[in-house]
There are 2 protein chains.
Amino acid sequence: MDLNNLVKSIKNFEGVTRKKSISKLLSILGNSDKISGHTYLSYGDDAAAIKLGNGKLLLLAADGIWDKLMKADPYWAGYCSVLVNVNDIAAMGGEPLAMVNVLSIKDENTCFKVMEGVREGAKKFGVPMVGGHLHPATPYNVLDVSIVGIVSEDSVITSHNAKIGDKIIIAIDLDGNIHPNFPLAWDTTTHKNSKLVRAQIKAMKKIASKKLVNAGKDISNPGTIGTLGMMLEASNTGAIVELDKIPRNESVEWERWLKLYPGSGFVFSCPEECVEECIEILSKVNLTANVVGEIIPDRKLYLKYKNTKKIVFDFRKEYIVGLRS
Amino acid sequence: MDLNNLVKSIKNFEGVTRKKSISKLLSILGNSDKISGHTYLSYGDDAAAIKLGNGKLLLLAADGIWDKLMKADPYWAGYCSVLVNVNDIAAMGGEPLAMVNVLSIKDENTCFKVMEGVREGAKKFGVPMVGGHLHPATPYNVLDVSIVGIVSEDSVITSHNAKIGDKIIIAIDLDGNIHPNFPLAWDTTTHKNSKLVRAQIKAMKKIASKKLVNAGKDISNPGTIGTLGMMLEASNTGAIVELDKIPRNESVEWERWLKLYPGSGFVFSCPEECVEECIEILSKVNLTANVVGEIIPDRKLYLKYKNTKKIVFDFRKEYIVGLRS
C-alpha cells in the first residue's frame with residue numbers, strides 16, 4: 001500500500017472533485033438562503049434547518065441520482081434515492097418524516113424500475129413517499145428526491161462545529177457487499193431486515209439527543225476521507241487520521257474502500273469523554289466505530305500509515321466545497 | 001368562437017394529457033405514501049401534508065421545470081421553479097418556509113442563468129433557497145425544486161373536498177403579459193413589486209384561516225379548465241361553468257387564455273355564503289375573481305357559452321390524473 005498513491009487517488013476521485021462547482025453556484029445564489037428569518041442552517045450541512053419556533057427544527061434535504069447510477073441500475077438508483085436522503089436526515093440527528101420526488105421520463109421501463117426501487121426503499125427505511133411531480137416524455141430519465149425531517153434545536157448535529165481536541169470517530173456497517181452493477185456502492189441494507197436498518201437511523205437521533213458529538217456527517221459520494229474533509233473544511237479545522245484505524249471490510253482493498261458510499265456510515269467529531277458511549281450506541285446497531293484520529297487547529301487533513309504521514313487536503317490552499325471561499 | 005373546437009383543444013392540450021402517466025406510477029409506488037402514520041394528505045393535492053402533532057401540518061411539494069421551458073429561457077425557468085412551488089403552498093392555504101433544489105449541469109452558462117432566476121424568484125416571493133444537491137457534468141440541464149410550508153390542520157385547503165352546491169370561483173391576476181420566450185406563461189409577477197406578489201400568497205392563507213372555501217387549487221400546467229377538472233376529479237363531483245364569466249385579459253383569445261399558466265391564479269369551491277368575502281379578499285390583491293359556475297353531483301365538467309353546453313371531461317369514462325382509478 002503506497003500512501004502517496006492513495007492520497008493522489010482520493011484527491012482526484014470524481015466523488016470529491018465534483019463538489020468544486022458548488023461554490024460558483026452559491027456565489028450566484030447570493031444570500032438567497034437568508035431571505036427569511038427562519039433559516040437556521042443552509043449550505044454546507046447534510047440538510048438545511050428551518051426554525052419552526054417551538055424549539056424544533058425542520059430539516060430539509062434534496063438529492064439527485066447520479067446519471068451513471070441511473071444507467072447502471074435503475075432499480076438500485078431508486079432505492080438509493082431513498083437511502084441517501086434518509087441518511088442526510090440521520091446525519092443531523094433527525095427523524096425522517098416524508099419524501100417527495102420529481103421524475104422525468106424518457107423511457108417508461110427504466111422509470112418504472114426506478115419507482116420500484118423507491119417503493120422498496122421507502123418500505124425498508126419506513127419513510128413515506130408522499131408526492132411529487134412527473135414529467136412524461138422528456139429527453140432524459142432523471143429522478144430527484146427531497147426529504148423532510150425534524151430535530152430539536154438544542155441537539156441538531158451539524159458539519160461545522162468540530163472542536164480542536166475532539167476525537168474523530170468513523171463508523172461503518174461492515175456487513176455489506178459492493179453492488180454488482182455499481183462498484184462505488186457498499187450495500188449494507190438490502191440484505192438486512194427493516195428493524196436493524198431503521199435502528200441505525202434511530203441511533204443517530206440518540207447520539208444527537210444525548211449531545212455526544214460536536215459535529216457529524218454521513219459518508220456519501222466523496223467517500224470516507226472526502227466526507228471527513230468536508231466536515232473539517234466546514235469547521236475550519238484540520239485532523240490527523242490513522243488509516244489502519246478506519247473500520248474496513250477486509251475483502252475490499254483500501255483505495256476502493258475509501259471511495260465507497262456505504263449504506264450506513266458516518267464521521268463524527270466527538271469530545272473525548274463521550275467517545276465510549278457514542279461507540280457503544282453505534283456498535284449496538286452493527287456500526288463498527290473506531291477513534292481514527294483527532295481534530296487539530298492546523299487546517300490540513302493528514303493521513304498516517306505506519307511511519308508515513310501525508311497531507312490529503314490543505315484547506316489553506318484548496319477546498320472541497322469552498323463555502324468559505 | 002366555436003365551443004366544440006375549444007373543448008377539443010383543451011382535452012388534447014399537452015398540459016392536460018401529460019397528467020395521464022401519474023396513475024401508472026402511483027400503482028407502482030403502492031401504498032408507500034402511507035408507510036408512517038404521519039401522512040395527512042399525499043397525491044392529488046398541490047402539496048402533501050404531514051402531521052407535526054401540534055395541530056400544524058407540514059406542507060411538502062416538488063416541481064420540476066419542463067425541459068421545453070428550460071430550453072426556451074433558462075433564467076425564466078429558474079424564476080418559475082420558485083413561483084410554481086410557492087403557488088403550491090399558497091394553494092393549500094399555507095405559509096411557504098424554504099426551498100431546496102437539485103441541479104444537473106450540462107453546460108454551465110445555461111445553469112448559471114437558471115440560478116440567477118432562482119435567486120430573483122426567491123427574493124420576489126420572500127422564500128429562501130436553503131440547500132440542495134449539484135450534479136456537474138451530466139448529459140442534461142435539469143432543475144428540480146422542492147418546497148416546505150406550514151398550515152394549521154383545521155384550515156388547510158385541499159383539492160378533494162368540493163361540495164355539491166358550492167359556487168366555483170376562478171381568480172386570476174389579469175395584469176400580466178404572455179412571456180416572450182414561452183407562450184404558455186402568463187407572467188403577472190416580474191413587473192410587480194414584492195409587496196403585492198407576497199400579498200397574493202398571503203391572501204390564500206387568509207382565505208384558509210377564515211375557512212371560506214371547501215376546496216382549491218392553483219392554476220398550473222393544465223391551465224384553467226384542466227386545473228378545475230383535476231379538482232372535480234379529486235372531489236368526485238362535476239361542475240357547470242360559464243365560459244364568459246371566467247376572468248380574462250381580453251388581449252388574449254379564449255383558446256390560448258385557458259391554457260396559460262398564470263403567475264397568480266386559483267380555482268375554488270366556495271359555499272355560497274362565503275363567496276362575497278372570498279372575492280373581496282382576492283380583489284384586494286389584484287386577483288380578479290368571479291363566480292363561474294357551480295359544483296354538481298353529475299361527474300362531468302360542462303362548459304357553457306351562450307346557448308351551447310359541451311362536456312369537457314366525463315369523469316365516469318375518463319380521467320385527468322386517475323388517482324381514483
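Ala162(A) lies in the loop between β6 (142-152) and β7 (167-172) of chain A, where helices (H or I, at least four residues) and strands (E, at least two) are DSSP runs numbered from the N terminus. The model is predicted: local features need pLDDT of at least 70, side-chain atom pairs count only at pLDDT 80 or more, and totals for chains, interfaces and linings use all residues. Residues are numbered from 1 along each chain as its sequence is written, chains are lettered from A and ligands numbered from 1 in the order in which they are written, and side-chain values use heavy atoms, with hydrogens and water left out.

With a relative accessible area of 7%, Ala162(A) is buried (buried is under 20%, exposed over 50%, partly exposed in between, with a 1.4 Å probe and protein chains only). Not counting residues up to four places away in sequence, Ala162(A) touches Asn214(A), Ala215(A), Ser235(A), Thr237(A), Ser269(A) and Ile295(A), a contact being heavy atoms within 4.5 Å. Its C-alpha atom is separated by 41 Å from that of Lys113(A), 49 residues apart along the chain.

Two loop residues of chain A have a positive phi although neither is a glycine.

| Residue | Phi | Loop | Relative accessibility |
|---|---|---|---|
| Lys211(A) | about 55° | α7 (194-209) to β10 (215-218) | 46%, partly exposed |
| Asn286(A) | about 70° | α10 (275-283) to β14 (288-296) | 34%, partly exposed |

In chain B, six of the eight residues of helix α3 (residues 22-29) are buried, so this helix is largely enclosed by the rest of the structure. The buried residues are Ile22(B), Ser23(B), Leu25(B), Leu26(B), Ile28(B) and Leu29(B). They pack against β4 (95-104), α6 (108-125) and β5 (129-135) of chain A. Gly30(B), with a positive phi near 60°, follows α3(B).

Helices α5 (residues 74-91) and α6 (residues 108-125) of chain B have axes that come within 6 Å and cross at roughly 40°; axes are lines fitted to C-alpha atoms, for helices over the stretch in contact, and angles run from 0 to 180 degrees between N-to-C directions. Residues of α5(B) in the contact include Tyr75(B), Tyr79(B) and Val86(B), and those of α6(B) include Val114(B), Gly121(B) and Phe125(B). By class, the contact has ten nonpolar, five polar and four charged residues (Ala, Val, Leu, Ile, Met, Phe, Trp, Tyr, Cys and Pro count as nonpolar, Asp, Glu, Lys and Arg as charged, and the others, Gly among them, as polar).
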